[in-house]
Amino acid sequence: MELLKLQGVIVSEDVERAMLRVPREEFVLPEYRDEAYEDHPLPILEGQTISAPHMCAIMCEAAEIRRGDSVLEIGTGSGYHAALCAEIVSPTGEPVEGLVVTVEVVKRLAFFARENLKRTGYYDRVHVIVADGSTGAPVRSAFDRILVTAAAPKVPPPLLEQLKEGGILVIPVGPRWQQLLVKLKREKEGVAREPITYCVFVALRGRYGYER
Ligand code: SAH
C-alpha cells in the first residue's frame with residue numbers, strides 16, 4: 001500500500017509494516033480491486049463495508065496493539081482488519097506470538113473472510129467465530145485489546161468484562177449516523193475513557209446493537 005503515512009495517522013512501525021504487508025486487494029470484491037488502495041471504505045457482501053485504510057490504522061494505533069498481544073475483533077467483515085492485527089501481533093506466525101480472535105454475526109461474511117485469510121496466509125493466526133459479538137467472544141478468555149468495527153449505541157458491558165486489566169477497547173459509540181471513536185482502558189479501579197475521532201460505521205446488531 002502506498003502510504004504517505006496515511007495523512008499522519010500511522011505512528012508506530014508495527015502498524016506501518018502491517019499496512020504495507022497485508023494486500024487489501026485480496027479482501028475486497030473483484031469489481032472493486034482497482035480501488036483497493038484508495039483511502040475510503042468499499043462495499044463487501046450483505047450490505048457491509050470494509051473500513052477505509054486510515055480508519056483501520058487509527059484504530060490499531062489507538063488500541064496500541066503490540067507483538068504478542070491477544071486481540072479480539074468484533075465485526076470480521078472481509079477479514080482485512082483482522083489480518084492487519086495478526087500481522088502486528090504475530091509477524092512470523094509462530095505459535096508463541098499473539099493471536100487474533102474475530103467474531104462475525106453473518107455466516108456468509110465469516111466464510112468470505114476465512115477464504116481471504118487463507119489466500120493471504122493469515123488463516124492460522126486468526127480464529128473466525130460466527131456469533132453475536134456484541135456480547136463478547138464465546139470463549140472463556142480475556143484479551144489485551146478489543147476492537148469493535150461496527151457502531152454501537154453504548155459500550156456493551158460484556159466487552160469491558162473480557163478486557164484484561166490494563167487492556168484497551170476501541171469502539172465507535174453514539175447515534176446511528178455519527179459516532180465518536182472512543183478508547184477505553186481498563187484500570188485497577190474503573191475505566192479511563194478518551195475520545196479519538198468522529199466517524200461513521202455500519203451498525204452493530206445483536207443484543208447490544210441498535211436493533212434487537
Ligand atoms: N472489520 C471489517 C469491516 C467490518 S464491517 C473488515 O476489515 O472488513 C462491520 C461488520 O460487523 C459486518 O461484517 C457486520 O456483519 C458485523 N457485525 C454487525 N453486528 C455484529 C455482531 N453483533 N457481532 C459480530 N459481528 C457483527
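Begin by selecting R114 and F111: the charged end of R114 is placed over the ring of F111, at 5.7 Å from its centre. The model on screen is a predicted one. For a second arrangement of this kind, select R176 and W177, where R176 lies over the face of W177 at 4.2 Å from the ring centre.

**The aromatic pair**

The structure contains one aromatic pair. Select F27 and Y80, whose ring centres are 5.7 Å apart and whose planes stand at 65 degrees, so the pair is edge-to-face. This pair connects distant parts of the chain, 53 residues apart: F27 belongs to the loop between α1 (13-21) and β1 (42-43), and Y80 to helix α3 (residues 80-89). F27 is buried, at a relative accessible area of 0%. Y80 is likewise counted as buried, with 1% relative accessibility.

**The nonpolar cores**

Keep Y80 selected and add I65, V100, V126 and V170; of the 48 residues in the largest nonpolar core, these five touch the most other members. Colouring by element is useful here: α1, α2 (53-62), α3, α4 (107-120), β5 (126-130) and β7 (163-173) each give two or more residues to this core. The greatest contribution, eight residues, comes from α3.

Centre the view on I65 next. Leaving aside residues up to four places away in sequence, I65 touches D14, C60, V71, C85, I88, V89, R145 and L147. Apart from the largest core lies another, of 20 residues, which can be located by selecting I74, F143, A150 and V173, all among its members.

**Helix α2 and the cysteines**

Select α2, a mostly covered helix in which nine of the 10 residues are buried. The buried residues are P53, M55, C56, A57, I58, M59, C60, E61 and A62. They pack against α1, α3, β6 (143-148), β7, β8 (179-186) and β9 (191-199). Step just past the helix to E64, which takes a positive phi of about 50 degrees.

Which cysteine sulfur is nearest to that of C56? The structure has zero disulfides. C56 is in none, and its nearest cysteine sulfur, that of C60, is 6.8 Å away. C85 is also in no disulfide, with the sulfur of C60 again the nearest, at 4.4 Å. C56 counts as buried at 2% relative accessibility, and C85 counts as buried at 0%.

**Salt bridges**

The count of salt bridges comes to 11. Start with D14 and R17, whose side chains meet at 3.1 Å, N to O. These residues are three apart in helix α1, which separates them by about one helical turn. Both D14 and R17 are buried. Extend the selection to R21 and E87 to display a network of salt bridges linking D14, R17, R21 and E87.

Then select E26 and R119, a salt bridge in which the closest N and O atoms are 2.6 Å apart. E26 lies in the loop between α1 and β1 and R119 in helix α4, 93 residues apart, and the pair links these distant parts of the chain. R119 is partly exposed, at a relative accessible area of 49%.

Finish at R108 and E46, which form a salt bridge with the closest N and O atoms 3.0 Å apart. R108 is in helix α4 and E46 in the loop between β1 and β2 (49-50), so the pair ties together parts that are 62 residues apart in sequence. R108 is partly exposed, with a relative accessible area of 46%, and E46 is partly exposed as well, with 39%.

Notes. Residues are numbered from 1 along each chain as its sequence is written. This is a predicted model: local features need pLDDT of at least 70, side-chain atom pairs count only at pLDDT 80 or more; totals for chains, interfaces and linings use all residues. Side-chain values use heavy atoms; hydrogens and water are left out. Rings of Phe, Tyr and Trp (its six-membered ring) pair if their centres lie within 6.5 Å; planes under 30 degrees apart count as stacked, over 60 as edge-to-face and the rest as tilted. Helices (H or I, at least four residues) and strands (E, at least two) are DSSP runs, numbered from the N terminus. Buried means under 20% relative accessible area, exposed over 50%, partly exposed in between (1.4 Å probe, protein chains only). A charge sits over a ring if NZ of Lys or CZ of Arg is within 6 Å of the ring centre and within 35 degrees of the ring normal. A disulfide is a pair of cysteine sulfur atoms within 2.5 Å. A nonpolar core is a set of buried Ala, Val, Leu, Ile, Met, Phe, Trp, Tyr and Cys residues joined through side-chain atoms within 4.5 Å. Contact means heavy atoms within 4.5 Å. A salt bridge is a side-chain nitrogen of Lys or Arg within 4 Å of a carboxyl oxygen of Asp or Glu.
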